[in-house]
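Please walk through this model with me, one selection at a time, keeping the viewer open beside the text. At each stop there is something to select and a short account of what is found there.

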Amino acid sequence: MKVTALYPGSFDPFHNGHLNIALRSLELFDEVVIAVYGLPKKNLLFSHEERIRLVETCLSEHMHSGRLRVVGYSGLTIEFARKIGARLMIRGLRNSMDFDYELQMSQTNHWLAADIESVFLFANAPHSFLSATLVREITQLGGDVSALVPSCVAAALAAKKIESQRRESE
Ligand code: ADP
């Protein structure tokens, strides 16, 4: 039986920690669907469409197998998992803060939908300090994040910065 795993997140923006989890998941499961959440309770830098397009671009060389897809979604993640026939949800764990949050989320999701299982992959050491918030903040303060994100994301961040500087000077 084909095992489809959903990897949900806001990916604002997609960084090397996300990429590592996505590629390791592809080694483990028949199909991996990266699901970009539309309206997280966060101050977004990139729009929903931009985030979907960026994840697609970052993973374009891995799409040809037909085992990897990038999609947008809104609403309950478990409902979306059911809709696409995914019985597994992948989450990355960086530290004990993630653990505490993910434990509560996983138990809530189990209460809502006992048929959907959460699977956790520990962040690899080089990515364990990395978060999308950190990437956004360093960029906004003029720092260089090119070693932390795929090159297409670094280019998109640079373009956003130029756009916001132009708006400020108007
Ligand atoms: P974040 O702002 O923390 O990057 P996301 O909602 O985009 O938030 O994260 C999506 C998933 O990726 C979550 O399961 C999260 O724990 C995981 N993740 C985030 N950063 C990393 C990282 N550096 N290494 C591994 N997994 C990560």
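Helices and strands here are DSSP runs, numbered from the N terminus, with at least four residues for a helix and at least two for a strand. With that in hand, and bearing in mind that this is a predicted model, begin by selecting His127, which is found in the loop between E5 and H5. Is His127 buried or exposed? Its relative accessible area is 17%, and because buried means under 20%, His127 counts as buried. If you display its surroundings and leave aside neighbours within four places in sequence, you will find His127 in contact with Asn16, Gly17 and Asn20.

Move next to the loop between strand E1 (4-9) and helix H1 (16-28), where Pro13 lies. The peptide bond from Asp12 to Pro13 is cis, with omega near 5°. Phe11, whose place is also in the loop between E1 and H1, has a positive phi of about 50° although it is not a glycine. Both details deserve a look against the general background that most residues other than glycine have a negative phi, and that most peptide bonds are trans. Colouring by accessibility will show Phe11 as buried, at 3% relative accessibility.

Now select Val153, which, apart from neighbours within four places in sequence, is in contact with Pro13, Phe14, Leu54 and Cys58. Val153 also belongs to the largest nonpolar core, a set of 32 residues in which Phe14, Ile34, Val55, Leu59 and Val153 touch the most other members. To see where this core draws its residues from, show E1, H1, strand E2 (31-37), H2, strand E3 (68-73), strand E4 (88-93) and H6, the elements that give two or more residues to it. A second, separate core has 12 residues, including Val33, Tyr73, Ala81 and Ala113.

Next, isolate helix H2 (residues 48-58) and helix H6 (residues 151-169), which pack at an angle of about 145° with their axes 9 Å apart. Which residues meet across this pair, H2 with H6? From H2 come Glu50, Leu54, Thr57 and Cys58, and they meet Cys152, Val153, Ala156 and Lys160 in H6. By class, the residues of this contact divide into 5 nonpolar, 1 polar and 2 charged.

From H2, go on to Met63, in the loop between H2 and E3. Met63 counts as partly exposed, at 23% relative accessibility, and, not counting residues up to four places away in sequence, it touches Glu56, Leu68 and Val70. A distance label between the C-alpha atoms of Met63 and Leu44, which are 19 residues apart along the chain, should read 26 Å.

Finish at the largest pocket, with a volume of about 1200 Å³. Of the 47 residues that line this pocket, select Gly9, Lys42, Arg91, Tyr101 and Glu102, which are the closest to its centre. The elements giving two or more residues to the lining are E1, H1, helix H3 (77-83), E4, helix H4 (96-112), strand E5 (117-122) and helix H5 (132-140). Which element gives the most to the lining of the largest pocket? That is H4, with 9 residues. Colouring the lining by residue class separates 20 nonpolar, 19 polar and 8 charged residues.

Methods: Residues numbered from 1 in each chain as written. Predicted model: local features only at pLDDT ≥ 70, side-chain atom pairs only at ≥ 80, totals over all residues. Heavy atoms only, no water. Buried < 20%, exposed > 50% of the residue type's maximum accessible area, 1.4 Å probe, protein only. Axes fitted to C-alpha atoms, helices over the stretch in contact; angles between N-to-C directions. Contact = heavy atoms within 4.5 Å. Nonpolar A, V, L, I, M, F, W, Y, C, P; charged D, E, K, R; others polar. Core = buried A, V, L, I, M, F, W, Y, C linked by side-chain atoms within 4.5 Å. 1 Å grid on protein atoms, 1.4 Å probe; cavity = no way out; pocket = protein on both sides within 12 Å on 5 of 7 lines; lining within 4 Å. Points joined across faces, edges and corners; volume = space filled by probe spheres on them.
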